[in-house]
Amino acid sequence: MLLLEQHEPGHGRGGSHGSARIVRLGYADRFYVELAAAAMAGWDELEDQAGERLVVETGVIDHGDRPTLQALAAAMEAAGHRTEWLSPREASRRWPGLAFDGDVLHQLRGGRVHADRTVAALQRLATGHGAEIRHGTRVESISPLPSGAEVHTSTGTVRTRQVVVAAGSWAPKVLAGVVTLPAFVVSLEQPVHFRPHDWSTPWPSFIHHQTDATTRWGLSPRGTYGMASPDGVKVGFHGAGRQIDPDAGREPDPVALRDLQDYVRRWVPGVDAGSAEPAPCPYDLTETSDFVIDRVGDITVATGFSGHGFKFTPEIGRLVADLVLTGTQPPDRFRILRS
């Protein structure tokens with residue numbers, strides 16, 4: 001097996017980097033609740049294999065729009081996962097660093113995963129099983145063959161029996177003229193790390209389902225999320241970034257930063273709003289927020305993770321491996337041509 005990566009180890013140009021990505025079961029769609037639960041078992045297995053802790057379970061809370069919270073609770077409970085409701089006063093006693101917009105839904109499983117350590121662990125385990133990794137090797141294009149394909153890179157051409165394109169925001173460029181993907185846009189999201197006033201304050205991972213969200217770049221935020229991390233408390237608007245070319249720069253946007261600082265002054269009083277450290281990252285957003293995981297001939301595609309894919313890493317790996325090794329079809333909603 002050969003892995004081609006256009007950037008250096010530990011780079012921060014894609015969507016799978018940094019010290020904190022949210023892990024949760026909370027979806028209003030039971031399909032994703034069950035997929036997340038299967039991924040949690042996969043995280044346990046990955047940690048055993050890697051010999052290190054990657055996931056920190058702090059619990060997850062949702063607050064804000066009541067119908068949204070009720071849908072989340074119903075889907076989780078239908079899948080057999082316990083939740084609890086807390087009043088704002090009860091929630092404030094547990095998590096004094098946050099302010100709450102109405103009652104709070106608490107899910108016991110979930111928290112955060114360290115993305116950089118996860119990527120490093122996966123690469124270490126892969127090389128231990130005989131894989132070769134070539135960093136600094138950009139894939140320019142792919143030419144399908146009657147059997148297999150030629151992969152044209154910045155350092156030469158590789159001929160292979162199977163190709164997996166897990167290029168995130170770059171997938172449309174890599175697959176141009178070869179595979180027509182469902183429409184998605186690349187947005188540059190603007191999460192920020194803030195220094196807590198007291199590092200001993202307990203922090204759950206949290207999502208605020210706002211009903212008064214401000215439109216940005218023609219998009220309304222799909223919620224505001226946050227979690228503690230080794231770099232501070234990370235807070236971001238979800239799915240509200242401006243559209244970009246993935247090869248463009250990653251400069252923080254001052255307007256988005258100001259809006260996020262205004263948000264934390266009201267809703268995250270346990271952090272210093274003036275201590276902002278931006279951590280921009282791209283999303284590859286599909287219209288439905290469903291992933292794209294499918295196979296066309298000898299080319300397998302995994303992209304369109306819409307800013308919520310990292311928590312599913314072990315299950316995504318299983319789905320991709322099944323496609324490559326046995327041709328087992330993914331769930332219909334992940335197909336390129338969806339019925």
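How exposed is R195, in terms of relative accessible area? Keep that in mind; we will get there at the third salt bridge.

Before you click, note that this is a predicted model, in which local features need pLDDT of at least 70, side-chain atom pairs count only at pLDDT 80 or more, and totals for chains, interfaces and linings use all residues. Residues are numbered from 1 along each chain as its sequence is written, and side-chain values use heavy atoms, with hydrogens and water left out.

**Stop 1: two helices**

Select α1 (residues 30-50) and α4 (residues 115-128), which pack at an angle of about 65° with their axes 10 Å apart. Here axes are lines fitted to C-alpha atoms over the stretch in contact, and angles run from 0 to 180 degrees between N-to-C directions. Helices are DSSP runs of H or I with at least four residues, strands are E runs of at least two, and both are numbered from the N terminus. Now show side chains: W43, L46, Q49 and A50 of α1 meet T118, A121, L122, R124 and L125 of α4. Contact means heavy atoms within 4.5 Å.

**Stop 2: the nonpolar core**

Stay on W43 and add F291, I293 and F312: of the 36 residues in the largest nonpolar core, these touch the most other members. Such a core is a set of buried Ala, Val, Leu, Ile, Met, Phe, Trp, Tyr and Cys residues joined through side-chain atoms within 4.5 Å. Buried means under 20% relative accessible area, exposed over 50%, and partly exposed in between, using a 1.4 Å probe and protein chains only. Helix α1 supplies the largest share of this core, nine residues. For a second, separate core of 24 residues, select A91, W95, V233 and L260, which are among its members.

**Stop 3: salt bridges**

The whole structure holds 21 salt bridges, each a side-chain nitrogen of Lys or Arg within 4 Å of a carboxyl oxygen of Asp or Glu. Select D103 and R66, whose side chains meet at 3.0 Å, N to O. D103 sits in the loop between α3 (88-94) and β6 (104-107) and R66 in helix α2, so this pair ties together parts 37 residues apart in sequence.

Next, pick E132 and R134, where the closest N and O atoms are 2.8 Å apart.

Finally, select R195 and D272, another salt bridge at 3.0 Å, N to O. R195 lies in strand β14 (residues 192-196) and D272 in strand β19 (residues 271-278), so the pair links parts 77 residues apart in sequence. And the opening question: R195 is partly exposed, with a relative accessible area of 44%. Its partner D272 is also partly exposed, at 25% relative accessibility.
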